[in-house]
Amino acid sequence: MIHPKETIDEDKKLSISSQQQQEKQQNFKELFKPVQLIYPDSNHDRLIINESSINLLNSILSEDKLSVLGVVGTFHSGKSFLLNQLLGTTDSFTVGPTVHPQTIGIWMWACRIKDDNGKLHNLLLLDTEGFYSSNVSETYDAKIFAITTLLSSHLIYNSVKIIDQSALEYLELLSRRTQLFALKSQIKSNEMNQEILGLNNILNFPSLTWVVQDFFQDIGDETPTQWLNNLLKAHSRDKGVDSSLISITDIFPSIKCHTLFLPSGDRNILRHLNKAKSNDLNPIYIKELNELKSTLFKNDDDDDDSGKSKLTGPSISTLLRLLIEVANGNKFPTVPSIWSGFIKQQQQSALEDSIIAYKDKMSSITNEDSFSISKPPLCLKEFEKLESQSNNYATNLYKQLLFGLEEAYKPGQQKLNRLLSDNHQYFLKENNFKIQNYCQRIYNEKIESLQNQLDSIKIPISSKHFNHQISIFKNDIINQYKEITKQFNLNENQNQNQNQNQNQNQNQNQNQNQNNFFEIYLKSLEKDIERLINGKQLQNKNEIEILLTKSIDMISERYKSYMNQLDLPITLEQLNKEDKKYYDQLLNHKFKQITEVAHEESYYQPFESMAEKKLHQLFQYFQEINEEKILEKSKFESEQSILDFKKSVSQIILPIEEESLIKSMNEFKIRSINSYKNRLEPFRNSKSYSTQLNRLESSLEKQIDLKLNENVTQMKWIVMESLDTVRVMMISRTPIFWFQHSYENEAYREAEKRIIDKIKSKPLRDKVIKQFINNDLKQQLNSLFKLSTILLTLGIILLFSILISFSIIKK
């Protein structure tokens with residue numbers, strides 16, 4: 001017995017199912033059922049067009065512009081099932097449970113569908129034969145991929161479970177071949193003098209969406225698109241600079257990724273997905289499928305990111321015939337094989353490793369820490385020995401790395417020899433540079449040693465004793481330099497080198513350069529020793545003069561220190577008193593006490609006069625500093641008085657009668673000036689005081705003028721309504737005036753007549769009217785001025801013409 005409640009539930013389900021079916025029929029219209037568009041010949045070599053399918057394109061789809069959605073991927077990856085699900089069906093494209101591929105060639109299906117936003121889409125779906133099918137060549141897969149890609153306005157690349165390295169490489173390989181195929185198709189179109197609705201645009205690559213089905217991996221916080229982009233970046237780094245493949249990010253204008261969970265956990269449902277209903281599918285799968293549909297419909301514009309325009313059915317037919325002709329005409333491009341890329345990569349890697357090994361063996365030459373006094377750079381003979389060993393090691397390593405790869409070894413051997421030769425020259429130059437630096441370093445150390453010995457001499461001493469010590473120092477320094485750098489002086493071995501073979505003589509010029517380093521720095525050493533000795537002799541002679549000079553500097557610093565302690569500004573009388581006290585204390589007592597050893601020297605008196613002059617200059621300096629301090633204080637007080645004036649004036653509420661305003665501001669002005677004078681009373685005799693007082697008076701006058709102008713402006717706004725009537729009237733009467741003066745007089749009379757009752761003060765009223773005429777009637781005044789100028793010019797020309805005529809008549 002059936003329970004009544006169960007009966008009601010079943011009726012509800014049937015009602016809901018019927019309602020969903022009606023909505024689906026309203027939102028989806030099938031234009032024709034899936035048909036085979038392209039199929040292969042018996043050898044899976046040439047592609048053949050199904051003419052009946054072309055007729056469908058040319059007839060049923062002759063008017064509508066279509067969005068072409070193509071799906072490619074490996075066989076049995078769920079391409080047909082995905083297309084069915086995108087349009088809400090299960091059996092339109094064939095889905096099979098066996099291991100054999102169900103879709104052969106390219107199939108198409110046309111429909112008209114509304115998305116969730118009510119927008120209508122005309123879709124042409126392309127279902128393709130999967131890659132890696134049995135008895136199918138890689139070129140056949142590439143043709144299917146290329147034709148589908150160039151026909152599509154959006155391409156889906158379908159894979160299962162994961163995106164691995166081989167999938168990325170295979171998609172890059174197919175994309176590169178499709179690029180070349182598109183170029184050849186364009187060339188073929190030009191040869192036929194045919195342009196298919198903007199072929200340059202049509203042969204662009206579409207946007208790409210990589211769909212990974214049966215995906216249950218954890219990608220963390222990344223979106224699928226971010227995950228794919230990171231895979232592409234890592235793949236691009238792994239390929240290296242010389243890779244024959246290019247990144248798909250350089251080919252497709254836009255690349256996104258979507259993942260789909262397992263459609264179901266039931267094995268029977270998975271084996272017969274063509275019979276599965278929506279209730280049988282996993283909710284997670286349905287949610288992710290709806291997100292994919294929403295993204296695809298959202299990107300379906302007239303022109304997508306790639307710039308590809310939508311085509312009608314006949315245009316697609318014409319483009320398809322061109323692509324098939326190029327694909328079948330032995331013009332389908334090839335790209336280097338993976339083995340060729342591997343050979344090239346191994347060759348490059350062997351070259352890099354060999355050069356790195358060579359550089360590592362020679363690294364002691366360029367190592368900054370490898371040389372010292374006890375371990376000098378290599379002489380030429382030692383360098384050539386090290387270089388020969390390093391060269392042999394790198395050559396043998398190159399042979400070992402490419403053992404068994406003869407096609408990689410021979411082409412790179414010449415390049416290896418060239419690189420080794422270049423590096424030989426580089427390290428030779430580096431070694432010579434080290435020798436030069438080494439000789440210079442020894443030279444610098446010997447100079448420093450001599451300088452230290454000279455500094456150890458206690459001066460002043462007698463000239464005889466001084467010269468005796470200097471002679472011993474000089475001979476020791478030169479002999480030490482020759483002993484340390486003797487290995488770089490090849491003069492003794494020059495005759496032996498002439499008897500050596502050609503390989504040893506090829507660096508003869510370099511030997512000469514090394515000799516030059518030794519000799520150049522030896523000569524520089526001898527010259528600088530003489531210079532230092534002469535300097536020390538002069539130092540000994542001038543020691544007392546230095547003492548006197550330092551004493552002058554000392555008392556000068558003391559004087560400055562004392563004077564700096566004064567709290568400036570002070571009056572000039574106070575400053576003179578302080579100067580006299582410090583002058584007597586420093587010059588007559590301290591200076592004579594320090595320089596007592598030089599009192600009887602002939603040049604003592606000039607230094608004493610110099611000290612007096614120095615102190616006098618310092619006194620003048622502090623006079624200027626004191627005056628500057630007075631100036632700063634005067635400026636500050638002046639600014640403060642101006643601020644006080646502004647603050648007082650700002651409290652006056654405008655507009656008011658001008659006489660009252662002037663009276664108030666003059667009172668504020670007198671108060672500000674008196675305030676300045678009172679605060680600076682001690683410095684009345686200063687020039688800075690008078691200068692800032694004049695500046696203060698001038699600034700206050702400017703502030704008064706500004707306030708008066710502001711009062712005029714405020715009063716103008718009060719009577720603006722009356723003045724606007726004057727402005728309108730004068731604009732209308734402009735044509736009757738010929739001269740600016742008459743126009744201004746008329747405007748003045750009209751304005752005064754209207755505002756005389758509102759502004760009693762005539763000076764204020766005159767200023768308001770003048771501002772009104774200059775500002776509000778400026779345009780009319782300018783036009784009258786131009787007119788009067790023209791009339792004056794015409795009058796002059798007329799007068800000149802009359803004079804000429806009169807002259808002619810008179811003659």
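Q: How many helices and strands does the secondary structure of the protein come to?

A: In this predicted model, the secondary structure comes to 27 helices and eight strands. Of the 811 residues in the protein, 41% are buried, and among contacts with a separation of 6 or more, 78% are accounted for by residues 24 or more positions apart.

Q: In what order do the strands of the open sheet lie, and which are the edge strands?

A: An edge strand is recognised by its pairing on one side only. Here the open sheet has eight strands in the order E2-E1-E4-E5-E3-E6-E7-E8, with mixed pairing, and its edge strands are E2 (47-49) and E8. From one strand to the next, the twist averages 25 degrees.

Q: Which helices pack on the sheet or lie across its strands?

A: Helix H10 (residues 313-328) packs on the sheet, where it touches E1, E2, E3 and E5, and its direction makes about 155 degrees with that of E2. Helix H4 (residues 138-151) lies across E1, E2, E3, E4, E5 and E6, and runs at about 155 degrees to E3.

Q: Why is strand E7 described as largely enclosed by the rest of the structure?

A: A residue counts as buried when its relative accessible area is under 20%. Seven of the seven residues of E7 (residues 207-213) are buried, so the strand is largely enclosed by the rest of the structure. Ser-207, Thr-209, Val-211 and Gln-213 point one way from E7, whereas Leu-208, Trp-210 and Val-212 point the other way, and all are buried.

Q: How many bridges join E7 to E6 and to E8, and which residues stand opposite one another?

A: Strand E6 (residues 154-160) is joined to E7 by seven bridges, and the two run parallel; within this pairing, Ser-159 stands opposite Val-212 of E7. Five bridges join E7 to E8 (residues 255-259), again with the strands running parallel. Here Thr-209 has Lys-256 of E8 as its bridge partner, while Trp-210 stands opposite Cys-257 in E8.

Q: At what angle do helices H24 and H26 pack, and which residues make the contact?

A: The angle between the helix directions is read together with the separation of the axes: H24 (residues 720-732) and H26 (residues 762-776) pack at about 50 degrees, with their axes 12 Å apart. That angle makes H24 oblique to H26, and H24 passes H26 in a right-handed crossing. Met-720, Leu-723, Val-726 and Arg-727 of H24 make the contact with Val-768, Phe-772 and Asp-776 of H26, and these residues divide into five nonpolar, no polar and two charged.

Definitions and conventions: Residues are numbered from 1 along each chain as its sequence is written. This is a predicted model: local features need pLDDT of at least 70, side-chain atom pairs count only at pLDDT 80 or more; totals for chains, interfaces and linings use all residues. Side-chain values use heavy atoms; hydrogens and water are left out. Axes are lines fitted to C-alpha atoms, for helices over the stretch in contact, and angles run from 0 to 180 degrees between N-to-C directions. Helices (H or I, at least four residues) and strands (E, at least two) are DSSP runs, numbered from the N terminus. Angles under 35 degrees count as roughly parallel, over 145 as roughly antiparallel, 65 to 115 as roughly perpendicular and the rest as oblique. A crossing is left-handed if the near helix is turned anticlockwise from the far one by less than a right angle, and right-handed if clockwise. Contact means heavy atoms within 4.5 Å. Ala, Val, Leu, Ile, Met, Phe, Trp, Tyr, Cys and Pro count as nonpolar, Asp, Glu, Lys and Arg as charged, and the others, Gly among them, as polar. Buried means under 20% relative accessible area, exposed over 50%, partly exposed in between (1.4 Å probe, protein chains only). Two strands pair if DSSP finds at least two bridges between them.
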